[in-house]
Amino acid sequence: MTVTASEDWRNAGFGLYVHWPFCQAKCPYCDFNSHVAREVDQTRWLAAYESEIRRLSEDIPGRVLNTVFFGGGTPSLMAPETVAGVLEAARRVWPFANDIEITLEANPTSVEADRFRGYRDAGVNRLSMGIQSLNDDHLRRLGRLHSAGEARRAFTIARETFDKVSFDLIYARQDQTLSEWQAELGEALSMAIDHLSLYQLTIEDGTAFGARHAAGGLRGLPDDDLSADLYAATQDICASAGLPGYEISNHAAEDAQSQHNLIYWRYGDYAGIGPGAHGRLSNAAGRFATDTPLQPGAWLEKVERHGNGEASRTPLPTEEQAAEYLMMSLRLAEGMDPLRYEKLLGQPLDEAAILPLEELGLLERRDGRLRATVQGRMVLNGVIRDLLPG
Ligand SMILES: C[S@@+](CC[C@H](N)C(=O)[O-])C[C@H]1O[C@@H](n2cnc3c(N)ncnc32)[C@H](O)[C@@H]1O
Ligand code: SF4
């Protein structure tokens, strides 16, 4: 069978992303689409998610769902009944794959840990926890509402409740030395974890940290050399512990990789519902990108009034799909399939662009695939710029 442009997604599967945009407080570093609201009518929100799932299933019927991801914001503020309702609506229109992965992002407070069993009973089988640090002083400086002890207790409950548990840590923090990070990461790896997302702290415009940094505050952030050393040490320590980096910031044993995120990185199809959620979908008309309004109230009103929460739907020409595939797949240690890229673009990758990057040790070719090396993944934007035509 020849793979036409609108069937390219079959190389990677189909997932559903559900964005829950509310948090108890806004963390000073965070530029995710998250909002603090006094009251949220979860019945209304569930009805809106159900309506969006029904609408999208008419565009893309007959799919088997490989993954669902509840992201945020803080989805662990959702009532388990809301989560169950979303999953029931999804199952009605898209049969679940036998090995479906259903992830929910959770903040590690004791109140939220009380809901973990409810999420499991609703169908969630993987928890992704935002622990951020195992050090109380650093948690306070990151503006987190939980202590390290509370996070460890929530993790223990998660481990007892779910087959798969991941947690996030933020490193390259203010005044963090290489040896402190090595010790903290070692402690994280000793916690019977099989997946870790490890992010270097980035200072984003429009956040409280962004403003503090612009005003000359937030001293003690690492320079480029220390950042590179922290990254390299992270790769080595995780690999030695059996959780190699399978993506720039993600580390896991082979059977514990995030199947949902792999759909993004392998450039599959995903329906994105909720405020600020993006989607990539394919049907007989081709492949298209969707997005939604960022403001929770605006999204909810759009769904309730017009039966459609999309802010835009943009057709993706095959050249653009090829570029997106390249950008996403080179984040992965497994890299990309040059033939799949060629099928989309109608021409192969530029050999003259690859050779110098190979000589610099930033790219390598093995088993018919092209990969960015660990060094290459550290400067991936530049590598991609060189590879893209034009
Ligand atoms: C959607 S967010 C938050 C999930 C959850 N609400 C929480 O706070 O635990 C996913 C992850 O992105 C990471 N993150 C957010 N802002 C960041 C920043 N400025 N720099 C580095 N990592 C960041 C955090 O590790 C966070 O857990
Ligand atoms: S880091 Fe998590 S809890 Fe904090 S504001 Fe962002 S989404 Fe909300």
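Which residues of H12 are buried? In this predicted model, the buried residues of H12 are Gln 321, Ala 322, Ala 323, Glu 324, Tyr 325, Leu 326 and Ser 329. The close-up views below begin with this helix.

**View 1. Helix H12 and the elements that its buried residues pack against.** H12 has twelve residues, and the distance from its first C-alpha to its last is 16 Å, which is close to the 16 Å expected at 1.5 Å a residue. Its buried residues, among them Tyr 325 and Leu 326, pack against two strands, S12 (279-283) and S13 (286-291), and also against the helices H10 (259-265), H13 (338-345) and H16.

**View 2. The second largest pocket and its lining.** This pocket, with a volume of about 300 Å³, is lined by Tyr 231, Ile 248, Met 327, Met 328, Arg 331, Arg 377, Met 378, Val 379, Leu 380, Asn 381 and Ile 384. At least two lining residues are supplied by each of the helices H12 (318-329), H15 (374-378) and H16 (380-387), and H16 gives the largest share, which is three residues. When the lining of this pocket is sorted by residue type, eight residues are nonpolar, one is polar and two are charged.

**View 3. The cavity found in the search of the whole structure.** One cavity of 30 Å³ or more is found when the whole structure is searched, and the volume of the largest cavity is about 50 Å³. The residues that line the largest cavity are His 138, Arg 141, Leu 142, Arg 173, Gln 174, Leu 201 and Phe 209, and this lining is made up of three nonpolar, two polar and two charged residues.

**View 4. The residues around ligand 2.** Around ligand 2 are Cys 23, Ala 25, Lys 26, Cys 27, Tyr 29, Cys 30, Ser 34, Gly 73, Thr 74, Asn 107 and Arg 144, a shell that divides into five nonpolar, four polar and two charged residues. One of these residues, Gly 73, is placed in the loop between strand S4 (65-72) and helix H2 (80-93), and the peptide bond that leads to Gly 73 from Gly 72 is cis, with omega near 20 degrees.

**View 5. Phe 22 and its contacts.** Phe 22 is found in strand S2, which covers residues 22-23, and its relative accessible area is 8%, so Phe 22 counts as buried. Leaving aside residues up to four places away in sequence, Phe 22 touches His 35, Ala 37, Val 40, Trp 45, Gly 73, Thr 74, Leu 77 and Pro 296. Of these partners, Ala 37 is 15 residues from Phe 22 along the chain, and the C-alpha atoms of the two residues are separated by 6.6 Å.

**View 6. Two residues with a positive phi, Asp 175 and Tyr 267.** Most residues other than glycine have a negative phi. Asp 175, however, has a phi near 55 degrees, and Tyr 267 has a positive phi of about 60 degrees although it is not a glycine. Asp 175 sits in the loop between strand S7 (164-171) and helix H7 (178-189), whereas Tyr 267 lies in the loop between H10 and strand S11 (269-273). With a relative accessible area of 46%, Asp 175 is partly exposed, while Tyr 267, at 3% relative accessibility, counts as buried.

**View 7. Asn 135 and Ser 147, each shown with its contacts.** Asn 135 belongs to the loop between strand S6 (126-132) and helix H5 (136-141), and Ser 147 to the loop between H5 and helix H6 (148-161). Asn 135 is partly exposed, with a relative accessible area of 30%, and Ser 147 is also partly exposed, with a relative accessible area of 28%. If residues up to four places away in sequence are not counted, Asn 135 touches Ala 148 and Glu 184, and Ser 147 touches Asp 136 and Leu 139. Measuring from C-alpha to C-alpha, Asn 135 and Ala 148 are 5.9 Å apart in space and 13 residues apart in sequence, and Ser 147 and Asp 136 are 5.7 Å apart in space and eleven residues apart in sequence.

Note on methods
Residues numbered from 1 in each chain as written. Chains lettered and ligands numbered in written order. Predicted model: local features only at pLDDT ≥ 70, side-chain atom pairs only at ≥ 80, totals over all residues. Heavy atoms only, no water. 1 Å grid on protein atoms, 1.4 Å probe; cavity = no way out; pocket = protein on both sides within 12 Å on 5 of 7 lines; lining within 4 Å. Points joined across faces, edges and corners; volume = space filled by probe spheres on them. Helix = DSSP H or I, 4+ residues; strand = E, 2+ residues; numbered from the N terminus. Nonpolar A, V, L, I, M, F, W, Y, C, P; charged D, E, K, R; others polar. Expected span 1.5 Å × (residues − 1). Buried < 20%, exposed > 50% of the residue type's maximum accessible area, 1.4 Å probe, protein only. Contact = heavy atoms within 4.5 Å. Near = heavy atom within 4 Å.
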